[in-house]
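I keep these notes to record what I looked up and what I found. The entries follow the order of my reading.

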Amino acid sequence: QVQLVESGGGLVQAGGSLRLSCAASGRFFSINAMRWYRQASTKQRELVAVIDSVGYTSLADSVKGRFIISRDNAKNAVYLQMNSPKPEDTAVYYCNVGARITYSENSEYWGQGTQVTVSS
């Protein structure tokens with residue numbers, strides 16, 4: 001099994017910066033793609049950013065040019081650097097990790113979520 005622990009959420013002013021972290025631990029062979037999702041109140045969960053095992057990244061149009069996703073494979077960690085956040089970025093942010101847990105089995109895991117509130 002894989003456990004994910006998120007940190008770094010909180011209150012930030014619009015135009016500031018915030019960095020989210022998510023670290024994976026447990027028993028697994030390897031970590032595959034790592035993602036950040038977010039869910040604002042009354043809205044569906046949406047994909048914000050993804051980084052694959054070799055570092056290729058993709059960002060939602062709404063955050064391109066402002067957010068950066070990165071990973072540290074030695075620490076089994078993924079980060080989301082939020083630059084110039086806007087009030088509409090306010091949401092609970094979840095990390096999502098794909099992992100190879102046996103020789104032939106992959107599975108997906110979710111973090112507990114961390115609240116990000118951007119004040120105007």
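**Entry 1: the loop of Asn76**

I looked up Asn76 and found that residue in the loop between E7 and E8. The model is a predicted one, and I read every value below with that in mind. Asn76 has a positive phi, near 50°, although the residue is not glycine. Is Asn76 exposed, partly exposed or buried? With a relative accessible area of 24%, Asn76 is partly exposed, because the buried class requires a value under 20%. I noted further that E7 and E8 form a hairpin, with four residues between the two strands. Across this hairpin, Asp72 has Ala77 in E8 as bridge partner.

**Entry 2: the sheet around E8**

I next asked which strands pair with E8. E7 is joined to E8 by six bridges, and the two run antiparallel. In this pairing, Ile68 stands opposite Gln81 of E8. E3 also pairs with E8 in the antiparallel sense, here over seven bridges. Ser21 faces Tyr79 of E8 as its opposite residue.

I then wrote down the whole sheet. It is open, has four strands in the order E1-E3-E8-E7, and its pairing is antiparallel. E1 and E7 are the edge strands, since each pairs on one side only. From one strand to the next, the twist averages 15°.

How many of the seven residues of E8 are buried? I found five, so E8 is largely enclosed by the rest of the structure.

**Entry 3: the nonpolar core**

I turned to the largest nonpolar core, which has 30 residues. Which of them touch the most other members? They are Trp36, Leu80 and Tyr93. The elements that give two or more residues to this core include strand E1 (2–7), strand E3 (17–26), strand E5 (46–51), strand E7 (67–72), strand E8 (77–83) and strand E11 (114–119). E4 and E9 also belong to that list. E9 gives the most, with five residues.

I followed Leu80 in detail. Leaving aside neighbours within four places in sequence, Leu80 is in contact with Trp36 and Tyr93, among others. Its further contacts include Leu18, Leu20, Val48, Phe67, Ile68 and Ile69. Arg19 is also in contact with Leu80.

**Entry 4: charges over rings**

Arg19 appeared again when I looked up charged groups and aromatic rings. Arg19 lies over the face of Tyr79, at 4.0 Å from the ring centre. In another place, the charged end of Arg45 sits over the ring of Tyr94, 3.8 Å from its centre.

**Entry 5: the aromatic pairs**

Tyr94 led me to the ring pairs. A pair of aromatic rings is described by the distance of the centres and the angle of the planes. I found a count of two aromatic pairs. In one, the ring centres of Tyr37 and Trp110 are 4.9 Å apart and the planes stand at 50°, so the pair is tilted. This pair links distant parts of the chain: Tyr37 is in strand E4 (residues 30–39) and Trp110 in strand E10 (residues 106–110), 73 residues apart.

In the other, the ring centres of Tyr94 and Trp110 are 6.4 Å apart with planes at 80°, so the pair is edge-to-face. Here Tyr94 lies in strand E9 (residues 91–100) and Trp110 in E10, with their positions 16 residues apart in the chain count. Ring pairs thus link Tyr37, Tyr94 and Trp110 into a cluster.

Are the residues of this cluster buried or partly exposed? Tyr37 counts as buried at 19% relative accessibility, and Tyr94 counts as buried at 15%. Trp110 counts as partly exposed at 38%.

**Entry 6: Tyr109 and Thr42**

I last looked up Tyr109, which lies in strand E10. Tyr109 counts as buried, at 9% relative accessibility. Leaving aside neighbours within four places in sequence, its contacts include Gln1, Val2, Leu4, Cys95 and Val97.

Thr42 gave an opposite result: at 83% relative accessibility, Thr42 counts as exposed. Thr42 is found in the loop between E4 and E5. Its phi is positive, about 70°, although Thr42 is not a glycine. Where do the two residues stand relative to each other? Their C-alpha atoms are separated by 23 Å, and Tyr109 and Thr42 are 67 residues apart along the chain.

Methods: Residues numbered from 1 in each chain as written. Predicted model: local features only at pLDDT ≥ 70, side-chain atom pairs only at ≥ 80, totals over all residues. Heavy atoms only, no water. Phe/Tyr/Trp six-rings, centres within 6.5 Å; stacked < 30°, edge-to-face > 60°. Buried < 20%, exposed > 50% of the residue type's maximum accessible area, 1.4 Å probe, protein only. Lys NZ or Arg CZ within 6 Å of the ring centre and 35° of its normal. Core = buried A, V, L, I, M, F, W, Y, C linked by side-chain atoms within 4.5 Å. Contact = heavy atoms within 4.5 Å. Axes fitted to C-alpha atoms, helices over the stretch in contact; angles between N-to-C directions.
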